[in-house]
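Student: Could you take me slowly through the surroundings of the ligand in this model, and then through the part of the fold that those surroundings belong to?

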Amino acid sequence: MFKKILIANRGEIACRVIATCRKLGIRTVAVYSEADAGARHVRLADEAYCVGPATSRESYLRIDRIIEVCKQSGAQAVHPGYGFLSENESFAQACEQNGIVFIGPPVHSIRAMGLKSAAKALMQQAKVPLVPGYHGADQDPSLLQREADRIGYPVLIKASAGGGGKGMRVVNGPDEFAAALASCQREARTSFGDDHVLIEKYLLQPRHIEIQVFADKAGHTISLNERDCSAQRRHQKVVEEAPAPSVDAKQRVAMGRAACDAARAVGYVGAGTVEFIADSAGNFYFMEMNTRLQVEHPVTEMITGLDLVEWQLRIAAGEDLPLTQEQVPLNGHAIEVRIYAEEPEKGFLPSVGRLACFKTPAPSAHVRLDTGVEQGDEITPHYDPMIAKLIVWDRTREAAIERMLGALAETRIVGVGHNVNFLSRLVDHAAFREGRVDTGLIERERAALMPAATELPPEVFQVAALAQLSFEREQNQSASPWSATDGWRINGAQTRTLQFAAGEQTKNVSIRYSGNGYLIGDQPASVQRLSDSDLRIDIGQRHINAAVVKAGEQMHVFLGGFQHVLTYVDPLVHAGETEETHGGLTAPMPGKIIALLSEPGAEVAKGAPLLVMEAMKMELTVFAPGKGKVVSYLCNAGDQVKEGVPLVDFLASS
Ligand code: MV4
């Protein structure tokens, strides 16, 4: 086994790999960008080296620097994690040339799966089921049109060099084909430098089911069951689970065999994932093979009890697979959700900021949390906005769903926008509970998953008000008794009215002081602090367990499994203020302008989409803040913009 390895990655996956290395007594070398100098993976590793500025291209993607650090530190092998250099042939090759073991498949396997058309031809030879289609070398447009007509509409045109949903066009009929082909080729040429396409029958509402495979250098290849990753939003996976609710034992064996055939066909070694799409009739078809460890590998670990990173290390060090196909366990059910720094309420706008509060459920046999950040760390705009993966396990799928809802309810994140409430609604949704998950679910159910801001229950405001009083009381206890600012003592009044705002809604809560407690209306109320944020509240006969975290004027109320954000309108802070008018429209974060959606002079309604930009690997839309006029655009498609740069000269109408 290796004595020391380098981890060419950051964030949660770097931390994940370090954990297994520690267990096996392997020393770890981290690399980091200037933006990550204080990151958790740097804190956990035995040694760490800066490889460049924040931009990935200048740091985590610098093959030369990473090889240099291997030599300098004496690392014998490199674990690439996922993303960055994990599926980069040149990197795997550079490792080999420098006598460093690449903890991943051989260069030829990465190359064979990199090009879709060539991979499909190989899969056809290996008798792996393929979606009916055309993947030939002849790219004559009239031939492609004839092939599409033969396959039957709808068809999907895919860029051969594409992946992860980029460079695809759905074509619904023969007369749409030529234009869609031209547009797909144009995108493929600019994005991948290769305009080769293939054509497939387009399956409606498929499930995304993938098989984890492992192969050793002796040629043994086995599958470790499937994962269902159908719950996606714009090709970003949101929830993954194992086993797949739609797959029975027979189909599992068939898919496992097909996946092993696919891996053998490219001489695979190490951990890999063979992606299939499956229709409602139980047919499944090869899509692509990911030649790396995947983000969602923990659900497979939970149902098999195996450490997949340990297997990767052992195989890379030349050991044989420790189990035969028949010995692979499948116990219970595991679900993973990806907690992202993004705001579902604002069109999933990525969010950046410092994690003022980051509390997660305690790890156990049922709950696992993989993360690269801790409370106090910052989510920056430079990398993927994933904050953490929350993984649960239980005996049955139903029990795992309840575990997940409980774990999400215990998760408290303040300081950046996040999708925890959204995840709770998704996992609790009837379609998800019933296992009716396909790739269109989130889009179809967006109204249920992102309910328009409704009036919050009065209880939320009452909890916030009681929490505010308890915070004030605590502050005053540590100061001189004469500095007490409780409204009723200053004014000698018996009633204190606290004002809160939540979205468009404002609410006053009046609380009367009564002996050693409070009265809300005619209900006696009390509040007890259990920790810095946990509260035990009694209102009338009701006991309420809640938590309230203050961040400036914001009060984050965690109640009944959901997080509510209120603003406490502190009269001392707001004295003398006048209402602010809306400012210009500026870039919410650094990124690239993708498209302008309106035109100068256009009169638009509140919420009208004005432009699309790409930031943190996500597309985000900038909307009109109110009814008004687009005076002019201050940017063009293709521009790289810094945070805060004005994008649109917008004139709000009164
Ligand atoms: C498809 C398809 C329907 N029919 N191919 C999207 C990403 C890439 N890996 C393959 N993708 C798809 N290929 C045919 N012939 C639908 C998708 C697809 C999809 C696949 C898996 C998970 C989510 C998806 C979301 C939209 C479309």
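Tutor: In this predicted model, the ligand has 17 residues around it, and those that come nearest are Glu200, Lys201, Leu203, Glu288 and Thr439. Sorted by class, this shell is made up of seven nonpolar, five polar and five charged residues.

Some side chains can be placed against particular atoms of the ligand. Lysine 158 has a polar side-chain atom 3.2 Å from a nitrogen atom of the ligand, and glutamate 275 likewise has a polar side-chain atom, in this case 3.5 Å from a nitrogen atom of the ligand. For glutamate 288, an N or O atom of the side chain is 3.2 Å from a nitrogen atom of the ligand. Taken on its own, the ligand has 520 Å² of accessible area, and the protein covers 91% of this. The elements that contribute two or more residues to the shell are the strands β7 (155–163), β9 (197–201), β13 (270–278) and β14 (284–290).

If we now follow β7 and β9 into the fold, we find them in an open sheet of four strands, ordered β6-β9-β7-β8, whose pairing is antiparallel. At its edges are β6 (133–134) and β8 (166–171), each of which pairs on one side only. The strands β6 and β9 run antiparallel and are joined by two bridges, and here glycine 133 stands opposite glutamate 200 of β9, a residue that we have already met among those nearest to the ligand. Finally, helix α6, formed by residues 116–125, lies across both β7 and β9, and runs at about 105° to β7.

Terms used: Residues are numbered from 1 along each chain as its sequence is written. This is a predicted model: local features need pLDDT of at least 70, side-chain atom pairs count only at pLDDT 80 or more; totals for chains, interfaces and linings use all residues. Side-chain values use heavy atoms; hydrogens and water are left out. A residue is near a molecule or strand if one of its heavy atoms lies within 4 Å of it. A polar contact is a pair of N or O atoms within 3.5 Å; within protein, one must be able to donate a hydrogen and the other to accept it, and residues adjacent in sequence count only if both atoms are side-chain atoms. Accessible areas come from the Shrake-Rupley method with a 1.4 Å probe; for residues, only the protein chains shown count as cover. Ala, Val, Leu, Ile, Met, Phe, Trp, Tyr, Cys and Pro count as nonpolar, Asp, Glu, Lys and Arg as charged, and the others, Gly among them, as polar. Two strands pair if DSSP finds at least two bridges between them. Contact means heavy atoms within 4.5 Å. Axes are lines fitted to C-alpha atoms, for helices over the stretch in contact, and angles run from 0 to 180 degrees between N-to-C directions.
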